[in-house]
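Please open the model in your viewer and keep the selection panel at hand. The stops below are meant to be taken in order.

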Amino acid sequence: MVSYIIRRLIAAVLMLVVVSIVTFSIFFVIPRLAGVTTIDFASRYVGSKGASAETVAAIADKLGFNDPLVVQYGRWIKGIVLGAEYDTGASVEHCPAPCLGYSFITKTPVWPELLDRLPVTVSLAIGASIIWLIAGVATGVVSALRRGSFFDRAAMGVALAGVSLPIFFTGIICLVFFSYRFGITAPGGSYTAITENPGEWAYDLILPWITLAFLYAASYARLTRAGMLETMGEDYIRTARAKGLPESKVIVKHGLRGALTPILTIFGLDLGLLLGGAVLTESTFSLPGLGKYAVQAIQSNDLPKIMGVVLLVTLFVVLANLIVDLLYAVVDPRVRLG
Amino acid sequence: MSFLELKDLRIHFPTDDGLVRSVDGLSFSLERGRTLGIVGESGSGKSVTSLGILGLHKGGRARISGEIWLDGEELVGASQEHVRRLRGKKMAMIFQDPLSAMHPFYTVGDQIIEAYRIHNDVSKKVARKHAVDMLGRVGIPQPDRRVDSYPHEFSGGMRQRAMIAMALSCDPELLIADEPTTALDVTVQAQILDLMRDLQRDFDAALIIITHDLGVVAELSDDILVMYGGKCVEYGTSEDIFERPEHPYTWGLLGSMPRLDREPTERLLPIKGSPPSLINVPSGCAFHPRCVFEERTGGLAKVEVPELLESEGGHLVRCHLPAERRRAIWQKEVKPNLEAS
């Protein structure tokens, strides 16, 4: 078990290194391969549209865009670990560790801004994931046990709708009816920190939670149903019944436990991705989270911000995968061998 | 009344293709301390019968009729909850493939503890000690350590021992073993059979062994029931079946059994054809399309279902041929052939 954990940890660290190289390449190497000159790139990077060619060339030089790529990569990593100084020409800006970049447009380091948005995204993702896990898995289990029943057909129909309907559609419909017509949920753009007022926090987020959960619950219900249908046909279910176990225990302790592994896998990936920003949900409900931040950064062509968000998302995905791998070993003892 | 008695048990499954008559009018009885071997090819209804006795078809799509009496209680009409309480405690089952029959995510000990605690109101600690005792009793070395192993960490033979320990954990009075040795290699098979024989003596349980392997029943059974197409075709003591078999199907089974006292180079005598469909059961005697002696019934076998009739001393046979002719055929035609081949 210990050796398994160590192996997974080493793999996760290697993954982070690979991810950092890929992210760096996307932003710094590919444009160069596509023929973008360092001067053009510098002009984009700092967002200086009106500046003269000489000024931009000087900036490119100061930011080290003319250095070899390996050196640039090293400097970038060093910034993340130790912090960095950015010479904007007018002044030297300090970007404390972990420096995921410095926005020359808003003249702010990226990391503190990400940190500001993170609670919103985390609140949204965690709340929604709890709802969709419970609703999706429960629906899937009942559907599987009553295969072919009215409930099964109805639930799978709704699930198909849930998988197919985009969030900006369901979100807006929900907002129009529940918030604006009936006034039972908070209007778009409301957010209260949980530290301020937990009740208000939940009230503001309940509609985004449900809308987002609906989308995911649908696919979880289908996945759980398929998994349960498979495990309930296994020999060990017959054994559990032959022991005289009550049916509820047979279903939950023996059936669901067996069906849970694939759900766990998907859950880790979904949650990891969502933590990096539920772009559509946050935009639809105007929530000031990472997803909204990313959209704004893209709209204003703010490369350092975009890069910061991308790096954070990949970090979450890698971490979520690591946690899933470790949970795997807890759920399925056979995994510990391999 | 016997300890276990089945009366005209029928288990049918409606499917899109038609009604599957897996068990079609099966009757037998069994006393405590006795062993009954149920023999037949795949699809003859052996396993469906055993699951039916345990009540595991209840609540499903199966149509069950007839009577199952266990220690004076009727089970076919009993509530699901009532039968569930008997399962594991009064009657237990050992399954064919212990790797798939044990849950891969729980330790062997947990699974035995679970079985024990359903029916006994004891602490986890007491149940664990009982599990260790049971594992020791079925011959697993270092049971106090192995109790925390997972099924995949056991060898095939050890797994089957653990499975037996689990089935015996509540001291059942009826034990059904469904192909208990099929998934094991031959040396381990013998050990498991010995173990089952010893344990049955210790526990004084009624034992049903379901198998397609006549060698296994020869080893253990007092009585043998031969099933074909969901029906009993021959029933008798072990001696009846091996020394004086009267049904052509039983002859076929004996002929297909590899034996050490024969020359290994010589061919077995298989039964031609394949087991009958349980949806469109052949008319008359279900075995007639494969029966070598079918024409000697003068066409009767094709049209009329033979009755299960007593031949002599409790030996029952379902065949249109008269008893004397069957005995003559066995003595003059079949037996010399089996011995010569």
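The tour goes through chain A by domain and then turns to a helix of chain B.

Bear in mind throughout that this is a predicted model. Begin by selecting residues 2–109 of chain A and then residues 111–336 in a second colour, since these are domain 1 and domain 2 in the domain assignment of that chain. With both coloured, place a marker on the C-alpha centre of each domain, and the two markers will lie 33 Å apart.

Next, look at where the two domains touch, a contact that takes 21 residues from domain 1 of chain A and 21 residues from domain 2 of chain A. On the domain 1 side, select α1 (2–33), α2 (38–46), β3 (102–103) and β4 (108–109) of chain A, each of which supplies at least two residues of the side that touches domain 2. Of these, α1(A) gives the largest share, 9 residues, and by class this side of domain 1 has 14 nonpolar, 5 polar and 2 charged residues.

Now select residues 118–328 of chain A, where an unreviewed UniProt entry places the feature "domain: ABC transmembrane type-1". Over this stretch the chain is 81% helix and 0% strand, and its end C-alpha atoms are 27 Å apart.

Finally, move to chain B and select helix α11 (residues 248–255), which is largely enclosed by the rest of the structure because 6 of its 8 residues are buried. To see which ones, highlight B:P248, B:Y249, B:T250, B:W251, B:G252 and B:L253, the buried residues of α11(B).

How values were computed
Residues are numbered from 1 along each chain as its sequence is written. Chains are lettered from A and ligands numbered from 1 in the order in which they are written. This is a predicted model: local features need pLDDT of at least 70, side-chain atom pairs count only at pLDDT 80 or more; totals for chains, interfaces and linings use all residues. A residue is buried if 20 or more other C-beta atoms lie within 10 Å of its own, exposed if 12 or fewer, and partly exposed in between; C-beta atoms are placed from the backbone. Helices (H or I, at least four residues) and strands (E, at least two) are DSSP runs, numbered from the N terminus. UniProt positions are given in the numbering used here, feature names are shortened, and annotations may be inferred rather than shown by experiment. Domain bounds come from an automatic or database domain assignment. Two residues are in contact if their C-beta atoms, placed from the backbone, lie within 7 Å. Ala, Val, Leu, Ile, Met, Phe, Trp, Tyr, Cys and Pro count as nonpolar, Asp, Glu, Lys and Arg as charged, and the others, Gly among them, as polar.
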